[in-house]
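Notebook open, coffee at hand. I want to look up how this chain is put together, starting with its strands and ending with its charged side chains.

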Amino acid sequence: MESDVRRIAASLVKLQKMLNTALMQHPEMPVTLPQLMLLNLTCLHGPCRLTTLAEKIEVKPSAVTVMVDRLEKRGLVRRVQDPDDRRAVRVEITAEGRDVLDKARELRNEVLGGFMNRLDPEEARLLADLLERLTGAEA
């Protein structure tokens, strides 16, 4: 069992690296991976403080500030006043940001689909079932 755990862990890390590399090299990828994470977080959790985003993405708040500046210039996010603290701001995704996030998700699925072509349909279904069981996300 222990050797299986190591094999699975190594394979998951390798697959994630392969997926990230393929995504970043895709000519239609609209944002960087950290920007994609930020867009995804603001989409899932609603407006977030910069410090919260920095914690979730595991970068320094100054890095998030630069990232938000770039995304804001492109119209993908906007800063809004925090209703709980007038001194603070939150970052929220815009409609354009949602469109970019949807495009990035489509590209991720396209790239992952390319990897999945190495499996026959029954293997792909089994892998999906097993991953859903492991993550507690059974359909």
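Before looking at the sheet, I note the rule I work with: two strands count as paired if DSSP finds at least two bridges between them. I also note that this is a predicted model.

**Entry 1: strands**

I began with S2 (residues 77-82), which pairs with S3 in the antiparallel sense over six bridges. Looking for one pair of partners, I found that Gln81 has Val89 of S3 as its bridge partner. How many residues lie in the hairpin that joins S2 to S3? I found two.

Next I checked S1 (residues 48-49) against S3 (residues 85-93) and found antiparallel pairing here too, over two bridges. Two bridges still count as pairing, because the rule asks for at least two. Here Cys48 stands opposite Val91 in S3. A reminder to myself: side chains in a regular strand alternate between the two faces of the sheet.

**Entry 2: the whole chain**

I stepped back to take stock of the protein and counted six helices and three strands. Reading along the sequence, I wrote down the pattern α-α-β-α-α-β-β-α-α. The C-alpha trace spans about 55 × 35 × 25 Å along its principal axes. Of the 139 residues, 28% are buried. I then turned to contacts between residues at least 6 apart in sequence, and 52% of these join residues at least 24 apart.

**Entry 3: a helix pair**

I picked H2 (residues 33-45) and H3 (residues 50-57) for a closer look. Two packed helices are described by the angle between their axes and the distance between the axes. For this pair the angle is about 120° and the axes lie 10 Å apart. Is that roughly perpendicular or oblique? H2 is oblique to H3, because the roughly perpendicular range runs from 65 to 115 degrees. The crossing of H2 past H3 is right-handed. Which residues make the contact? From H2 I listed Pro34, Met37, Leu38, Leu41 and Thr42, and from H3 Leu53, Lys56 and Ile57.

**Entry 4: salt bridges**

Here I looked for a side-chain nitrogen of Lys or Arg within 4 Å of a carboxyl oxygen of Asp or Glu. The count came to 12 salt bridges.

I followed Arg90 to begin with. Arg90 forms a salt bridge with Asp82, with the closest N and O atoms 3.2 Å apart. Arg90 also forms one with Asp84, where the closest N and O atoms are 3.1 Å apart. Are these residues buried or exposed? Asp82 is buried, at 1% relative accessibility. Asp84 is exposed, with a relative accessible area of 65%. Arg90 counts as partly exposed, at 21% relative accessibility, because buried means under 20%.

Then I moved to H6 (residues 121-135), where Glu122 and Arg125 are three residues apart, about one helical turn. These two form a salt bridge, the closest N and O atoms being 3.4 Å apart. Glu122 is exposed, at 51% relative accessible area, while Arg125 is partly exposed, at 47%; the cut-off for exposed is over 50%.

Last, I traced the bridges that share partners. They join Arg49, Asp82, Asp84, Asp85, Arg87 and Arg90 into one network. I marked these six names on my printout before closing the book.

How values were computed:
Residues are numbered from 1 along each chain as its sequence is written. This is a predicted model: local features need pLDDT of at least 70, side-chain atom pairs count only at pLDDT 80 or more; totals for chains, interfaces and linings use all residues. Side-chain values use heavy atoms; hydrogens and water are left out. Buried means under 20% relative accessible area, exposed over 50%, partly exposed in between (1.4 Å probe, protein chains only). Helices (H or I, at least four residues) and strands (E, at least two) are DSSP runs, numbered from the N terminus. Axes are lines fitted to C-alpha atoms, for helices over the stretch in contact, and angles run from 0 to 180 degrees between N-to-C directions. Angles under 35 degrees count as roughly parallel, over 145 as roughly antiparallel, 65 to 115 as roughly perpendicular and the rest as oblique. A crossing is left-handed if the near helix is turned anticlockwise from the far one by less than a right angle, and right-handed if clockwise. Contact means heavy atoms within 4.5 Å.
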